[in-house]
Amino acid sequence: MKMRPLLISPSILAADFSKLGEEVIAADRGGADWIHIDVMDGHFVPNISYGAPVMQCIRKCTAKLFDVHLMIAPADQYFAQFAAAGADLITVHAEAGPHLDRSLQAIRSLGKKVGVALNPATPVSVLEYVIDRLDLILIMTVNPGFGGQTFIQATLEKIRQAKALVNGRNIDIEVDGGITLETAPLAVKAGANVLVAGSSIFKGADYAANITALKLAATSLAV
Ligand code: DX5
Ligand code: ZN
């Protein structure tokens with residue numbers, strides 16, 4: 001089976017918000033494939049981050065794909081706002097509402113790529129009947145809400161299950177939370193091809209070196 005390209009999606013949640021535009025530009029120049037944008041509402045998750053107006057401001061800083069991770073409930077009424085503000089891919093949590101199939105159709109109808117995120121406790125089986133509506137499955141490898149948490153090992157089995165469900169379809173498998181030089185290769189070996197990383201990229205001054213190190217670690221798998 002053809003290998004999907006490995007993509008790095010730096011999470012700007014770990015960036016310095018006082019100079020967010022510069023941080024996005026630095027990540028872009030440093031080799032980011034996508035830009036991961038974590039939207040938190042203080043209700044679905046116990047933290048508040050930023051919304052569509054902030055995202056719209058940084059849209060002019062990069063042409064890279066905006067990978068928008070909505071940790072909000074309800075979510076559906078905000079899809080159009082994020083689409084208009086420059087989202088390319090909109091990922092909704094399966095746990096965010098009772099009508100996942102409808103949510104996915106709503107994102108698609110805005111002409112955006114469609115993603116679903118699963119919290120650590122949510123089984124892959126919830127995707128069984130919506131799999132053909134998806135461009136991406138986001139396996140949360142920590143409980144959403146905060147950067148800098150420890151990777152939950154039990155999620156590796158879920159990545160494998162997601163890969164089996166995808167079964168060669170044109171769907172990316174993304175992992176988010178606690179991705180480091182140690183955990184990235186484990187996630188990729190299990191089947192992930194998009195790595196979200198906040199703390200491990202926006203640390204120190206050399207984001208390019210951090211991105212390169214993550215890519216190298218992720219691809220240096222013993223076959
Ligand atoms: C967590 C967010 C993540 C977070 C990852 O709720 O979805 O994207 O920024 O941060 P790190 O890479 O520091 O675990
Ligand atoms: Zn995220």
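Does aspartate 176 count as buried or exposed, and at what relative accessibility? In this predicted model, aspartate 176 has 9% relative accessibility. Buried residues are those under 20%, so aspartate 176 counts as buried. Histidine 36 falls in that class too, with a relative accessibility of 0%.

Both residues serve the zinc ion (ligand 2) as donors. His36 contributes NE2 and Asp176 contributes OD. Asp38 (OD) and His69 (ND1) complete the list of coordinating residues. Coordination distances run from 2.0 to 2.3 Å. The site has 6 donor atoms, and the angles among them span 69 to 169 degrees. Its geometry is octahedral. Along the chain, the donors are spaced as H-x1-D-x30-H-x106-D. Histidine 36 lies in strand 2 and aspartate 176 in strand 7. These two residues are 140 apart, and the pair links distant parts of the chain.

The strands form an open sheet of 8. Pairing is parallel, and the order is 1-8-7-6-5-4-3-2. Strand 1 (7-10) and strand 2 (34-40) each have a single partner strand, so they stand at the edges with one side lacking a neighbour in the sheet. On average, neighbouring strands are turned by 25 degrees against each other, direction ignored.

Within the sheet, strand 3 (residues 65-71) pairs with strand 4 (residues 89-93). This parallel pairing extends over 4 bridges. Aspartate 67 stands opposite leucine 89 of strand 4.

Helix 5 (residues 155-166) lies across three elements: strand 5 (113-118), strand 6 (136-140) and strand 7 (172-176). Relative to strand 6, helix 5 runs at about 165 degrees.

Conventions: Residues numbered from 1 in each chain as written. Chains lettered and ligands numbered in written order. Predicted model: local features only at pLDDT ≥ 70, side-chain atom pairs only at ≥ 80, totals over all residues. Heavy atoms only, no water. Pairing = 2+ DSSP bridges. Axes fitted to C-alpha atoms, helices over the stretch in contact; angles between N-to-C directions. Contact = heavy atoms within 4.5 Å. Donors = N, O, S within 2.8 Å, 3.2 Å for Na, K, Ca; no water. Tetrahedral: all angles 85-135°; square planar, octahedral: opposite > 155°, others 65-115°. Buried < 20%, exposed > 50% of the residue type's maximum accessible area, 1.4 Å probe, protein only.
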